[in-house]
Amino acid sequence: MLSAVNAQGEYAVLAGPEAKQLAIRLKAIPHFCPQCRGPVLVKAGNINIPHFAHVSSSCNSFSEPESPRHLAGKADLFQWISKTAKASMEARLPEGRQRPDILTGNIAVEFQCSTISAALFKGRTENYTKRGITPFWIYGGKPIERKGKYIKLTSFQRLFLRYRFPLGFYLLSYCPELKGFTIYEQIIPVTPTLCTAERRFIHIKNMSFPPDAVIKGKHSFSLNDFFDEKRKWLDRQLYFQNNCQHPFFKEIYAAGRNPYLLPEQIGLPVRSSMAIRSHPAEWQFYVWAEWPKRSAAETVRRRIKLGHVKEQPLPLASGRTAEMAANEYETLLQMMGNIRSTDSTSMVDKLHNEASFIQKFGETVVNRLIF
Ligand SMILES: [Zn+2]
């Protein structure tokens, strides 16, 4: 923790360039936890940044030990916000145990480094919203993995995704070592693990609070690459998994079809694809199989319940739902009008059909992704 009170109830916050000198001065004065009133010690060593630590660990407001990264990030973010707004470190909310890292106005800043469950993330978010406080989550975990021209987002990292026009899905992360933010924007899933994204680094000195949405130029999404990645995804599924058990492949084989030769319109990217963790080929295949008996949204919800399709919780973009993705897909199909819906006869035929699909509908599909 970076804040504590003395016997007179005066607050001390260890952040900023003078934090170390302050910490050394405060060492001789007894300090207490603002929450549990238990005694705390000043720690001002050479490894971690100066901070306070409970003498005994019976406090349930602070989960200690906090990682050096969390402490450093919190100190930086506090300094950053304090330049333009009034901020309280580790603020105490009128009721309940939830204690934001930093509170400024009705914004609760949470610099989250350690992985927490989707349920806990969602619970904390709702707790703030209920009180009229806007949670501002900043990702502080391990760097986002890059794979070629794509990024790989873990389930935990996906919880931080927000949606805003015209950025599309975006994610804000802060790195205390680099003293800067990395913004990933226009994030579009290509497979259940890979996404395309535009990436920007902004030094904390050059970032405003609250951050502005910067409108970027055209994104570089390619439907051709998307189709290639779909093929590779199929390769991996069929190689690593016992595909007879997988309901998607089971249904395809039962119908005497080949997963590589399905019509191009089964497995297209749509704006809210992020809300579904399964590949679009899977859930769109089910949509086709059940059409017109069920609407796309009904099919997707039913398949989620059956465990055939995996939903991605998006607590910070709750307007973007699996049903919305299904509806977008339905609209896209309507826009494309009557198109061939028979399978290709061979891989050569398939590649040819894909090329003519991209030529005819590529722009329609890609232009509807974000803008
Ligand atoms: Zn305490």
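Helices, taken as DSSP runs of H or I with at least four residues, and strands, taken as runs of E with at least two, are numbered from the N terminus. With that in hand, Ile81 can be placed in helix 2, which covers residues 68–82. The exercises below all concern this predicted model.

**Exercise 1. Describe the surroundings of Ile81, and decide whether this residue is buried or exposed.**

Step 1. Begin with the position in the chain: Ile81 belongs to helix 2 (residues 68–82).

Step 2. Compare the accessibility with the cut-off, since a residue is called buried under 20% relative accessible area. Ile81 has 0% relative accessibility and therefore counts as buried.

Step 3. Look for the residues that Ile81 touches: leaving out residues up to four places away in sequence, these are Ala87, Ile102, Thr104, Val109 and Phe209.

Step 4. Finally, consider a residue elsewhere in the chain. Phe249 is 168 residues from Ile81 along the chain, and the two C-alpha atoms are separated by 51 Å.

**Exercise 2. Carry out the same analysis for Pro192, and find which residues it touches.**

Step 1. Pro192 sits in the loop that links strand 14 (180–189) to strand 15 (194–203).

Step 2. The relative accessibility of Pro192 is 17%, and because this is under 20%, the residue counts as buried.

Step 3. Once residues up to four places away in sequence are set aside, Pro192 touches Arg158, Trp233, Arg277, Ser278 and His279.

Step 4. Ser273 is 81 residues away from Pro192 along the chain, yet their C-alpha atoms are separated by 9.6 Å.

**Exercise 3. Work out which domains the chain has, and how many residues of domain 2 and domain 3 take part in the contact.**

Step 1. The domain assignment divides the chain into domain 1 (1–66), domain 2 (89–219) and domain 3 (223–367).

Step 2. Between the C-alpha centres of domain 2 and domain 3 there is a distance of 28 Å.

Step 3. To the contact between them, domain 2 gives 26 residues and domain 3 gives 21 residues.

**Exercise 4. Describe the largest nonpolar core, and state which helix gives the most to it.**

Step 1. The largest nonpolar core consists of 42 residues, and those with the most contacts inside it are Phe221, Leu223, Phe248, Trp283, Val300, Met336 and Phe357.

Step 2. At least two residues of this core come from each of helix 5 (223–240), helix 6 (247–254), helix 7 (280–290), helix 8 (296–306), helix 9 (322–336) and helix 10 (347–367).

Step 3. The helix that gives the most is helix 9, with six residues.

Step 4. In terms of domains, the core draws at least three residues from domain 2 and at least three from domain 3.

Step 5. For a closer view, take Phe221, which is in contact with Ile188, Val190, Thr196, Phe226, Pro269, Val366 and Leu369, when neighbours within four places in sequence are left aside.

Step 6. Another core, of 24 residues, lies apart from this one, and its members include Ala15, Phe78, Phe136 and Leu172.

**Exercise 5. Examine the backbone, and say where cis peptide bonds and positive phi values are found.**

Step 1. One cis peptide bond joins Phe209 and Pro210, with omega at about -10 degrees, and Pro210 is in the loop between strand 15 and helix 5.

Step 2. A cis peptide bond also joins Trp291 and Pro292, where omega is about 0 degrees, and Pro292 lies in the loop between helix 7 and helix 8.

Step 3. Turning to phi, Arg37 has a positive value of about 65 degrees although it is not a glycine, and this residue lies in the loop between strand 3 (31–32) and strand 4 (39–43).

Step 4. Lys179, likewise not a glycine, has a positive phi near 55 degrees, and its place is in the loop between strand 13 (168–175) and strand 14. With a relative accessible area of 33%, Lys179 is partly exposed, because that label applies between 20% and 50%.

**Exercise 6. Summarise the chain as a whole, stating how many helices and strands it has.**

Step 1. The chain has ten helices and 15 strands, and its C-alpha atoms fill a box of roughly 80 × 40 × 35 Å along the principal axes.

Step 2. Of the 371 residues, 52% are buried.

Step 3. Among the contacts with a separation of 6 or more, 63% are between residues 24 or more positions apart.

Key: Residues numbered from 1 in each chain as written. Predicted model: local features only at pLDDT ≥ 70, side-chain atom pairs only at ≥ 80, totals over all residues. Heavy atoms only, no water. Buried < 20%, exposed > 50% of the residue type's maximum accessible area, 1.4 Å probe, protein only. Contact = heavy atoms within 4.5 Å. Core = buried A, V, L, I, M, F, W, Y, C linked by side-chain atoms within 4.5 Å. Domains from an automatic or database assignment.
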